[in-house]
2 protein chains.
Amino acid sequence: MDDNNIFIGGKPFMNYVTGVVMQFTTKNADEVVIKARGKFISRAVDVAEVSSKRFLEGSVEVKNIKIDSEEFKNDEGKDIRVSIIEVTLGKNR
Amino acid sequence: MDDNNIFIGGKPFMNYVTGVVMQFTTKNADEVVIKARGKFISRAVDVAEVSSKRFLEGSVEVKNIKIDSEEFKNDEGKDIRVSIIEVTLGKNR
């Protein structure tokens, strides 16, 4: 498992921001990937923006953003599509 | 005003998908920029994914994604930050 991934869900917002900031500070990561699906995508963007602009301003910035879709069958056999996002934050060189 | 911008809000989901598809088909646009703020960011990603993968598969793809923050003061003078996203779809060459 890659420790530099932060999956965004329904926990308190600042938990995720603290998680991102700690990866860069106490764990000295060069990159952190913030991942989310469906309705949590807006939140992932908020976490990326608050982490990089308020807490790590000048030292960390958005390096890459990917969006994609995942398809699966639900319990009734119906095809479901859900969007995903991955925002990569990285240290400025 | 740039007609190639689609702003995502609270209208029915397929209105936005139809808007994107029509820009590429009947209006022959080379690029369409899907924009959203705050909670509508998840929806903007859904519109981009459904438009490019289901309706325009093979002919249109995600060319660029930008995220940013806007800051303003609310009615009580408090500083408010809101995230924004811009997803650029473009025709394959």
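The exercises below, each with a worked solution, concern a predicted model with chains A and B.

**Exercise 1. The fold of chain A**

Task: State how many helices and strands chain A has, and give their order from the N terminus.

Solution.
- Step 1. Count the elements: chain A holds two helices and four strands.
- Step 2. Read them from the N terminus: the order is β-α-β-α-β-β.
- Step 3. Add the dimensions: the C-alpha trace of chain A spans about 50 × 25 × 25 Å along its principal axes.

**Exercise 2. Burial, surface and charge in chain A**

Task: Describe chain A by its buried share, its contacts, its exposed area and its charges.

Solution.
- Step 1. Chain A has 93 residues, and 46% of them are buried.
- Step 2. Take the contacts in chain A with a separation of 6 or more: 68% of these are between residues 24 or more positions apart.
- Step 3. The exposed area of chain A is about 5300 Å², with 48% of it supplied by carbon and sulfur atoms.
- Step 4. Chain A carries 15 positive and 15 negative charges, and the mean positions of the two sets lie 3 Å apart.

**Exercise 3. Strand E4 of chain A and its partners**

Task: Work out which strands pair with E4(A), in what sense, and over how many bridges.

Solution.
- Step 1. Locate the strand: E4 of chain A covers residues 79-91, and ten of its 13 residues are buried.
- Step 2. Take E2 of chain A (residues 31-37): seven bridges join E2 to E4(A), and the two strands run antiparallel. One residue pair to look for is A:Arg37, whose bridge partner in E4(A) is A:Ile84.
- Step 3. Take E3 of chain A (residues 60-73): this strand pairs with E4(A) over 13 bridges, in the antiparallel sense. Here A:Glu71 has A:Arg81 as its bridge partner in E4(A).
- Step 4. Inspect the turn: E3(A) and E4(A) form a hairpin with five residues between them, and A:Gly77 in that turn has a positive phi of about 80 degrees.

**Exercise 4. The hairpin of chain B**

Task: Describe the pairing of E3 and E4 in chain B, and find the turn residue with a positive phi.

Solution.
- Step 1. In chain B, E3 spans residues 60-73 and E4 spans residues 79-91; the two pair over 13 bridges in the antiparallel sense.
- Step 2. One bridge to locate is that of B:Lys73, which has B:Asp79 as its partner in E4(B).
- Step 3. The two strands form a hairpin with five residues between them, and the turn residue sought is B:Gly77, with a phi of about 80 degrees.

**Exercise 5. Where the two chains meet**

Task: Give the extent of the interface between chain B and chain A, and name the three residues of chain B that supply 34% of the area it buries.

Solution.
- Step 1. Count residues: 23 of chain B are in contact with 23 of chain A.
- Step 2. Take the area: the two chains bury about 1600 Å² between them, 59% of it on carbon and sulfur atoms.
- Step 3. Name the contributors: B:Ile65, B:Ile67 and B:Arg81 supply 34% of the area that chain B buries against chain A, more than any other three residues.

**Exercise 6. Buried or exposed?**

Task: Classify B:Ser51, B:Ala48, B:Arg54 and B:Gln23 as buried or exposed, and list their contacts beyond four places in sequence.

Solution.
- Step 1. Fix the cut-offs: under 20% relative accessible area is buried, and over 50% is exposed.
- Step 2. B:Ser51 sits in helix H2 of chain B (residues 41-55). Its relative accessibility is 0%, so B:Ser51 is buried. B:Ser51 touches B:Val17, B:Val20, B:Leu56 and B:Leu89.
- Step 3. B:Ala48 is also in helix H2 of chain B. B:Ala48 is buried because its relative accessible area is 0%. Its contacts are A:Ile67, B:Ile34, B:Val87 and B:Leu89. The C-alpha atoms of B:Ala48 and B:Ile34 are 7.2 Å apart, with 14 residues of separation in sequence.
- Step 4. B:Arg54 belongs to helix H2 of chain B. With 55% relative accessibility, B:Arg54 is therefore exposed. B:Arg54 touches A:Arg81 and B:Glu49.
- Step 5. B:Gln23 is in helix H1 of chain B (residues 13-24). At 8% relative accessible area, B:Gln23 is buried. B:Gln23 is in contact with B:Asp3, B:Asn4, B:Ile6, B:Asn28, B:Ala29 and B:Val32.

Conventions: Residues numbered from 1 in each chain as written. Chains lettered and ligands numbered in written order. Predicted model: local features only at pLDDT ≥ 70, side-chain atom pairs only at ≥ 80, totals over all residues. Heavy atoms only, no water. Buried < 20%, exposed > 50% of the residue type's maximum accessible area, 1.4 Å probe, protein only. Contact = heavy atoms within 4.5 Å. Areas by Shrake-Rupley, 256 points an atom, 1.4 Å probe, with all protein chains shown as cover. Lys, Arg positive; Asp, Glu negative; His and termini not counted. Charge placed at Lys NZ, Arg CZ, Asp CG, Glu CD. Pairing = 2+ DSSP bridges. Buried area = accessible area lost by both parts, 1.4 Å probe.
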